[in-house]
Amino acid sequence: MIHVGMDLHHRSSVVRALSGETGELYPARRIHHDRIDELWQYLDSFGAEPIRVVFEAISNARWMYRLLGQRAHVERVAVTPHKVKIIAETVSKTDKIDAGKLAWLSSVNMLPRAWLPDERVERLREMTRHRADLLGVQTKCKNQITRGLVRLGMQRPYDDLFGALGRRWLAEVPLPEVMRLQVEHWLALLDATAQRMGRMDRKIDGIIQGDPIWARAAALLDTIPGVGKVTISTLLAELGDWRRFRRRAEVASFAGLVPASKRSANTKRYGHITKRGSKELRRVLTEIAQGVARKVPRYGRLYARVADQKCANVAKTAVARRLIEDAWTLLMKEEPFRLMPVQAESPTRVG
């Protein structure tokens, strides 16, 4: 077998091959993505030998994975970047060295394989992430208007400045010409974004309800108090195939909600959470954690205990971790969430 390491970038990639039989390391070559025939020429130069192409699971990895699928004799392997760094750290770092490192890991069967979503999951994930971006635009619009009023020394008469009463006040309050132009601009963008978010929500809901597996999973997740449609769609999109996780701790690790740990002899040290994995999943879980803790007694006790020992932010992280673990458990067991008291909380380490 020919093992090909690919140091994948946005516009080009560097490939380097290693022979599994002779151990020969071939010269590296840069492949330009707008001239993809260069890749086919490189792979064809090895004749009919089976080829394994290894690349890191970065932003355009799914594109490369689908592209390489056009060749039946090519095995495609995406690997987890931070695990590759741990396994094969080198003093020198160049594209050529990185490509050769991936080829060597393939030849000795030490690949930390990553999971890539299929087109079905990728479609839902792109839509939920776009919705999150639209929410960010809404937040920016509101912040810009609020900051403008602060610069003028004006106090807003309503807590919800963008509700019906607040909008009426913004339309009638005297403002300097420049500030009035800014307010009208941000309000127009806010309204347009809200319309797009509404259409996106309906589209996402249609996709989930049109898929029997997702529809059943969404119904189960909806039984968790405080978990709404946005959180449910994000969970389904980011987890993808939840059956690939073997333990509760693995799904928490995927969300980056487990602490970094260092163990040596009899010493154990825990740091802040790793924040590796799906930042979208981590964000939505921590945003709803406090609200869920008010509705679910066992989450409330966990929140109060950790907040008392550390701080509110760490308590939110603890609840977010317990929440994603419980959500995964009910999906695996296909059972609804049970609001039942527990005698004692098992410890949850958070950074």
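In the predicted model described here, R62, R66, E122 and E126 are joined to one another in a network of salt bridges. This network belongs to a total of 23 salt bridges found when the whole structure is searched, and several further pairs are described individually below.

Two of these pairs are placed within helices. In helix α11, which spans residues 279-295, E287 and R283 lie four residues apart, about one turn of the helix, and their side chains meet in a salt bridge with an N to O distance of 3.5 Å. E287 is exposed, its relative accessible area being 53%, whereas R283, at 29% relative accessibility, counts as partly exposed. In helix α13, formed by residues 312-333, E325 and R321 are likewise separated by about one helical turn, because they are four residues apart. The salt bridge between E325 and R321 brings their closest N and O atoms to 2.9 Å. For this pair the surroundings are enclosed: E325 counts as buried at 7% relative accessibility, and R321 is also buried, with a relative accessible area of 13%. Since the cut-off for a buried residue is under 20% relative accessible area, both values, 7% for E325 and 13% for R321, fall on the buried side. A further salt bridge links the side chains of R243 and D241 at 3.4 Å, N to O, and D241 is partly exposed, with a relative accessible area of 29%.

Helix α9, comprising residues 229-239, is largely enclosed by the rest of the structure, because nine of its eleven residues are buried. The buried residues of α9 are T231, I232, S233, T234, L235, L236, A237, E238 and L239, and they pack against α5 (119-151), α7 (177-209), α8 (212-221), α10 (248-254), α11 and α13. The helices that carry the E287 and R283 pair and the E325 and R321 pair are thus among the elements against which the buried residues of α9 pack. The residue that follows α9 is G240, for which phi is positive, near 65°.

With regard to the strands, S19 is located in strand β2, which covers residues 12-19, and this serine is buried, with a relative accessible area of 6%. The side chain of S19 is joined to that of T22 by a polar contact of 3.2 Å. When neighbours within four places in sequence are left aside, the residues in contact with S19 are M1, I2, E24 and Y26.

At the surface, I86, I87, W104, V108 and M110 make a nonpolar patch of about 450 Å². Of these residues, I87 is found in helix α3 (residues 81-87) and counts as partly exposed, with 37% relative accessibility. Because membership of a patch requires over 30% relative accessible area, the value of 37% for I87 is consistent with its place in this patch.

Turning to the cysteines, a search of the whole structure finds zero disulfides. C141 is buried, with a relative accessible area of 0%, whereas C311 counts as partly exposed at 34% relative accessibility.

Note on methods: Residues are numbered from 1 along each chain as its sequence is written. This is a predicted model: local features need pLDDT of at least 70, side-chain atom pairs count only at pLDDT 80 or more; totals for chains, interfaces and linings use all residues. Side-chain values use heavy atoms; hydrogens and water are left out. Helices (H or I, at least four residues) and strands (E, at least two) are DSSP runs, numbered from the N terminus. Buried means under 20% relative accessible area, exposed over 50%, partly exposed in between (1.4 Å probe, protein chains only). A polar contact is a pair of N or O atoms within 3.5 Å; within protein, one must be able to donate a hydrogen and the other to accept it, and residues adjacent in sequence count only if both atoms are side-chain atoms. Contact means heavy atoms within 4.5 Å. A disulfide is a pair of cysteine sulfur atoms within 2.5 Å. A salt bridge is a side-chain nitrogen of Lys or Arg within 4 Å of a carboxyl oxygen of Asp or Glu. Patches are made of residues with over 30% relative accessible area and no salt bridge: like charges are joined within 9 Å, nonpolar side chains (Val, Leu, Ile, Met, Phe, Trp, Tyr) within 5 Å. Accessible areas come from the Shrake-Rupley method with a 1.4 Å probe; for residues, only the protein chains shown count as cover.
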